[in-house]
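Student: I should like to become acquainted with this structure through a series of questions. May we go through it step by step?

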Protein chains: 2
Amino acid sequence: ELAAKGGTNAKACLSEVAKAIGHPLTSSEVAQALDKKLSALPSNQRSQFLVPRNAGLPETDPSLAPPDEECTYLVGNSLGLQPSRTKELVCEELDKWASLGVNGHFTGTRPWVPIDENVIEQSAAIVGAEKSEVAVMNSLTVNLHLLFVSFYRPHGKRNKIMYEASAFGSDYFAFESQARLHGLDPKEVLLPVKARAGEELLRTEDIVAAIQAAGDCLAAVCFGTVQYYTGQFFDVSSITKAAHDVGATAMWDCAHAVGNVDLKLHDWEVDGACWCNYKYLNSGPGAIGGFFVHKKHHDKGLPLLAGWWGQKQSTRFNTEHNWDPEVDAGAWRLSNPPVLQTVSLLASLEVFSRTTMAELRGKSMLLTAYLEMLLEDLFGSDLSVITPSAPAARGCQLSLKFAQERACLATFSALEKRGIVVDHRKPNVIRVAPAPLYNTFRDVQRFCFAFREALNEANGEPAHKRPKV
Amino acid sequence: ELAAKGGTNAKACLSEVAKAIGHPLTSSEVAQALDKKLSALPSNQRSQFLVPRNAGLPETDPSLAPPDEECTYLVGNSLGLQPSRTKELVCEELDKWASLGVNGHFTGTRPWVPIDENVIEQSAAIVGAEKSEVAVMNSLTVNLHLLFVSFYRPHGKRNKIMYEASAFGSDYFAFESQARLHGLDPKEVLLPVKARAGEELLRTEDIVAAIQAAGDCLAAVCFGTVQYYTGQFFDVSSITKAAHDVGATAMWDCAHAVGNVDLKLHDWEVDGACWCNYKYLNSGPGAIGGFFVHKKHHDKGLPLLAGWWGQKQSTRFNTEHNWDPEVDAGAWRLSNPPVLQTVSLLASLEVFSRTTMAELRGKSMLLTAYLEMLLEDLFGSDLSVITPSAPAARGCQLSLKFAQERACLATFSALEKRGIVVDHRKPNVIRVAPAPLYNTFRDVQRFCFAFREALNEANGEPAHKRPKV
Ligand SMILES: Cc1ncc(COP(=O)(O)O)c(C=O)c1O
Ligand SMILES: Cc1ncc(COP(=O)(O)O)c(C=O)c1O
């Protein structure tokens, strides 16, 4: 089986397919053949999504991107596509509200009081957690703060927070303000791990060494699981273990990892994790957030910011002031759940439930290897891939780095005109992310063709009518 | 003008109308006449809402509540009705997502990045704030914690939190965990204000005296603005002033006040406030929360839990780690806004923008006085109104307290059968809340008629077919 054979041997495997077909790997014939091979697999769920057409996008040039065709959407790392069922599920809840009013809390399909129960099991499966370890609530940065309240407990000299020097801004601001919350000076307690001079990526050995060096000064480690800018997939298990070995906790921001790579948060002994559901989880702009607390921390009276919804359902509506928390990750919930957001996530989880993360990861490794191979001859001093080349050390995203921001932006615009949707991150990077759940080899092949044209256009060569690719 | 003349003279005013018509106040003729008088006023927006029909409710008895008729919905204190425009606005955003994908962040009607700008101005008008003082984000209990991080800064002996002894559970749990966050023992620092023996309501003089007695031990005061159980509308201005006079801050949970009473958070010098938008604000189950920080605290570097979204829009997407906060309440935002929840609020705010809180409050005082008058002869030792009788000291809600929980629950069930939707709160209370924006005198009159029947039924008298009322 192609996807299973793929994985770390993806490149060899793809070359073999091309050879068997007798067309170059860059050809649409090979792309179509690959899609055909995968079309019957449960990891192919493209038909469950609404793909924007070129006509709807703001910057497309109709002569370069046929208005009626689907665009080439490779930006699931930023906002995933809408599942076809989303509107139906959202409208069902609006109709319930219209016909039941407040009674919807306890009656109807999916009563609202326990509505999050509909999204826990599948969320847990996706992050490699037990059901009891997951809550669905709030938004990512809010959840990161909630994790810190429980897992960053500075005392005495054990007060440092270790993080990636290039952490996502919001995470960094959370670290800073959490330090201040404890009356500590961020300059004193924040310990960034930097890449070696001349390198873009962090080496696991350097991270582990930094953790060991910090030793009993270290209170907590917090990293992005898949780095938003480079696409590096950190070695969560080793870093978490290193943190535990010095007596620190390990928290993980899984924004770019969830639904992208095969997470094992439980087995990796991660203390706490949070994620957003609008990227590879396809739950829409500002979707509800995800939250993980390892079982070993349940029901231990860990400090947390409490709210009535963290109580057991049986006592939640009592009016007495006796905090009676849920015995699992549900204890971290604060407020009654946002219904529209919850079913918006449900629509996407229904699609995920047709496959597994292991299957998706197998297909994803092929797609990204294919992307890399199709661009390989372009890489040099003006353009490079900063994402790790080892498939196990990255997710689906490749980060294409330009020597010049000008060239990067010009290429990005030229791609937009061609109906290619990717994104740009400062400095000088275009992120390309074939989402395992809905992207195809054809998407990747189209991107690569358009990318070459876009580079030419950015270099001053005139755009010409898009040939059939 | 009836509504303007109403207010504190509501009762006299209603009696006059009944006299002029020549029918008893309890008659449907008077209810209809009153509705007619108010029908042309901007405070009457019932037509903008979807009212559930009796048939859709789980417990109605078709012989007592005609299936095709609208139910009598008097529970806006728990979950407001759905504005007719909600589905349209929600579907517009889903359609944008389907056709624009990630481009919806910056393009289309209501781009998502600044989507909260669509709901700030009207939210501010409703709570009596300047635009710069309001943020729309998260949920109530989360926002209460965020306020505490900024406004509860215990140091030395100034570490006490004063609150109502019967505070809503979630608020109490927040107080408790905030004390713990600072390493303090809740038993030491939580100072409840209790009603006098034999009284249900807190007296302003007692609250102020308690604040003065706590003096420089008091760090913060936090009360529900309209008490969820009794319906008491606290004297926000006096209590806030008393807190400031001893050097403490004042935070207000406006869950039951927003859209109900005419708030003046800015003028009252409230430091911080939060609210939910699912009650009188009609934004649906688990709606997005509201947040207020007084202008005097803006741009002063107050401690807060930071996130990238608290930055200025111009620097928000920078990748550097230089926290560049918004100069107003927007600095407290953490995450990118939940789009469906935001437009769900917008649909309701569009209705509010057709009137003013002053107009609504005028009408509301009449409706609640009418409710009180129609029940007056029932009150005694078995049943009483615990809500203040002074219109200025309550919102729209009356809390009907039974001597026995059994009678309370039996009455509640008998009301349900009759298509009357109110709610029950332990111990022994039925809350009845004619929402100013959509309830009518006819609703109130129907409730009162059904309530008498329900009391009889609860007392063992058989239900009979509902006569035309
Ligand atoms: C007075 C009061 N405070 C707080 C809350 C908690 O709200 P949430 O679940 O939105 O955090 C409620 C909910 O009804 C409430 O009535
Ligand atoms: C890695 C990472 N962390 C945190 C965030 C912040 O997310 P939110 O706005 O949902 O809090 C993002 C958003 O894209 C992200 O990519």
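**Rings, a pocket and a strand**

Tutor: Let us begin with a charge and a ring in chain B of this predicted model. The charged end of B:R316 lies over the ring of B:W309, at 4.4 Å from the ring centre.

Student: In chain A, over the ring of which residue does the charged end of A:R316 sit?

Tutor: A charge counts as sitting over a ring when, among other conditions, it is within 6 Å of the ring centre. For A:R316 the distance is 4.4 Å, and the ring is that of A:W309.

Student: Which residues form one aromatic cluster with A:W309?

Tutor: The cluster draws on both chain A and chain B. Besides A:W309, its members are A:F106, A:W308, A:F317, B:F168, B:Y228 and B:Y229.

Student: How many aromatic pairs are there over all chains?

Tutor: Two rings pair if their centres lie within 6.5 Å. Over all chains, the count by this rule is 40.

Student: Are the planes of A:Y172 and A:F173 stacked or edge-to-face?

Tutor: The two ring centres are 6.1 Å apart, and the angle between the planes is 75 degrees. Planes over 60 degrees apart count as edge-to-face. The pair of A:Y172 and A:F173 is therefore edge-to-face.

Student: Is A:Y172 buried or exposed?

Tutor: Buried means under 20% relative accessible area. A:Y172 has a relative accessibility of 11%, and its partner A:F173 has 1% and is buried. Because its value lies under the cut-off, A:Y172 is buried.

Student: Which residues lie nearest the centre of the second largest pocket?

Tutor: This pocket holds about 1,000 Å³ of space. By class, its lining has 24 nonpolar, 15 polar and 10 charged residues. Of the 49 lining residues, those nearest the centre are A:F106, A:F317, B:S78, B:D423 and B:R425.

Student: Which elements of chain B each supply at least two residues of that lining?

Tutor: Both helices and strands of chain B contribute in this way. They are α6 (140-151), α7 (169-181), α13 (405-417), β13 (420-421) and β14 (423-425).

Student: Why is strand β9 of chain A largely enclosed by the rest of the structure?

Tutor: On one side of β9(A), A:G272, A:C274 and A:C276 are buried, and on the other A:A273 and A:W275 are buried. The strand is largely enclosed because the number of its five residues that are buried is five.

Student: Which residue of β10(A) stands opposite A:W275?

Tutor: β9(A) and β10(A) run antiparallel and are joined by five bridges. With β8 of chain A, by contrast, β9(A) pairs in the parallel sense over three bridges. Opposite A:W275 in β10(A) stands A:G290.

Key: Residues are numbered from 1 along each chain as its sequence is written. Chains are lettered from A and ligands numbered from 1 in the order in which they are written. This is a predicted model: local features need pLDDT of at least 70, side-chain atom pairs count only at pLDDT 80 or more; totals for chains, interfaces and linings use all residues. Side-chain values use heavy atoms; hydrogens and water are left out. Rings of Phe, Tyr and Trp (its six-membered ring) pair if their centres lie within 6.5 Å; planes under 30 degrees apart count as stacked, over 60 as edge-to-face and the rest as tilted. Buried means under 20% relative accessible area, exposed over 50%, partly exposed in between (1.4 Å probe, protein chains only). A charge sits over a ring if NZ of Lys or CZ of Arg is within 6 Å of the ring centre and within 35 degrees of the ring normal. On a 1 Å grid over the protein atoms alone, a cavity is a set of points where a 1.4 Å probe fits but cannot get out, and a pocket is an open set with protein on both sides within 12 Å along at least five of seven lines; lining residues have an atom within 4 Å of a point. Grid points are joined across faces, edges and corners, and a volume is the space filled by probe spheres set on the points. Helices (H or I, at least four residues) and strands (E, at least two) are DSSP runs, numbered from the N terminus. Ala, Val, Leu, Ile, Met, Phe, Trp, Tyr, Cys and Pro count as nonpolar, Asp, Glu, Lys and Arg as charged, and the others, Gly among them, as polar. Two strands pair if DSSP finds at least two bridges between them.
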